[in-house]
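Please open the model in your viewer and keep the side chains ready to display, since this tour moves from one charged pair to the next.

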Amino acid sequence: MFELCASILAADFARLAEDVQAAEAAGADAFHIDIMDGHFVPAISFGNGMVGTMGRLTGKPLDVHLMVENPLDFLPELAELGVKRVSVHYEIPGGPEAALRAICAAGMQAGLVLNPETPVESALPYLAQISQLLLMTVHPGCGGQVYLPGSNEKIAAAKSLLQGQGSNTVIQVDGGITPGTLPGAYAAGARSIVAGSAVFYGNIYQNVCALRSEKAKP
């Protein structure tokens, strides 16, 4: 089985409560929230205020992805808001060490994000601190992109690296997930799946059922 994280970046914000409730009822396990600062990536999306809103709309875990240059600025409030997981990028200025330590110290689970061009070996120094390794399967900063070629091979390489280190870190993938790309990602080793457009565009219940119906066998 896999964890399905519905990315609200693709939700209809005119009816956010209805979309979140529909995704939850259909079987979403968690909600993925992309916070973008307009510096680390060109786009600007949500801030901690949206996290607070989501906390009022759902009891499901909130999985926050910080696409920001200074994640330390966001962490105290995220902890206060009851966020379960926070993931930060390997590529941020100065590296992710301080942010990962702060996430753990605040009682949250830490995730490390690798951009498509960043080799999986970059995660090695941080495995003791992280519960999740998020592999971007599109270029970060924009929803609705196509799953990048070579992503499944990278997931498989990450799985091999983690097994070789005796690590229980979960591989999460984000970007271009559809009923067509999910089985390959799962077979390669992904066990947490972020899906935005594939959940929220169209009939949410049918979309989640389509993702769940893909035969993802252990």
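## A tour of the salt bridges

Begin by selecting Glu97, which is partly exposed, with a relative accessible area of 27%. The model is a predicted one, and Glu97 forms a salt bridge in it with Arg101, where the closest N and O atoms are 2.5 Å apart. Extend the selection to helix 4 (residues 97–105), which holds both Glu97 and Arg101, four residues apart, or about one turn of the helix. Arg101 counts as exposed because its relative accessibility is 53%, the cut-off for that class being over 50%.

Next, select Arg212 and Asp29, whose salt bridge brings the closest N and O atoms to 2.4 Å from each other. This pair links distant parts of the chain, with Arg212 in helix 8 (residues 204–213) and Asp29 in the loop between helix 1 (16–26) and strand 2 (30–36), 183 residues apart. Arg212 counts as partly exposed at 24% relative accessibility, and Asp29 is likewise partly exposed, at 28%.

Then move to Asp19 and Arg15, a salt bridge in which the closest N and O atoms are 3.1 Å apart. Is Asp19 buried or exposed? With a relative accessibility of 5%, Asp19 counts as buried, because that class covers values under 20%, whereas Arg15, at 39%, counts as partly exposed.

Finally, select Glu3, Asp63 and Arg85 together, which are joined into one network by salt bridges that share partners. The count of salt bridges comes to five.

How values were computed:
Residues are numbered from 1 along each chain as its sequence is written. This is a predicted model: local features need pLDDT of at least 70, side-chain atom pairs count only at pLDDT 80 or more; totals for chains, interfaces and linings use all residues. Side-chain values use heavy atoms; hydrogens and water are left out. A salt bridge is a side-chain nitrogen of Lys or Arg within 4 Å of a carboxyl oxygen of Asp or Glu. Buried means under 20% relative accessible area, exposed over 50%, partly exposed in between (1.4 Å probe, protein chains only). Helices (H or I, at least four residues) and strands (E, at least two) are DSSP runs, numbered from the N terminus.
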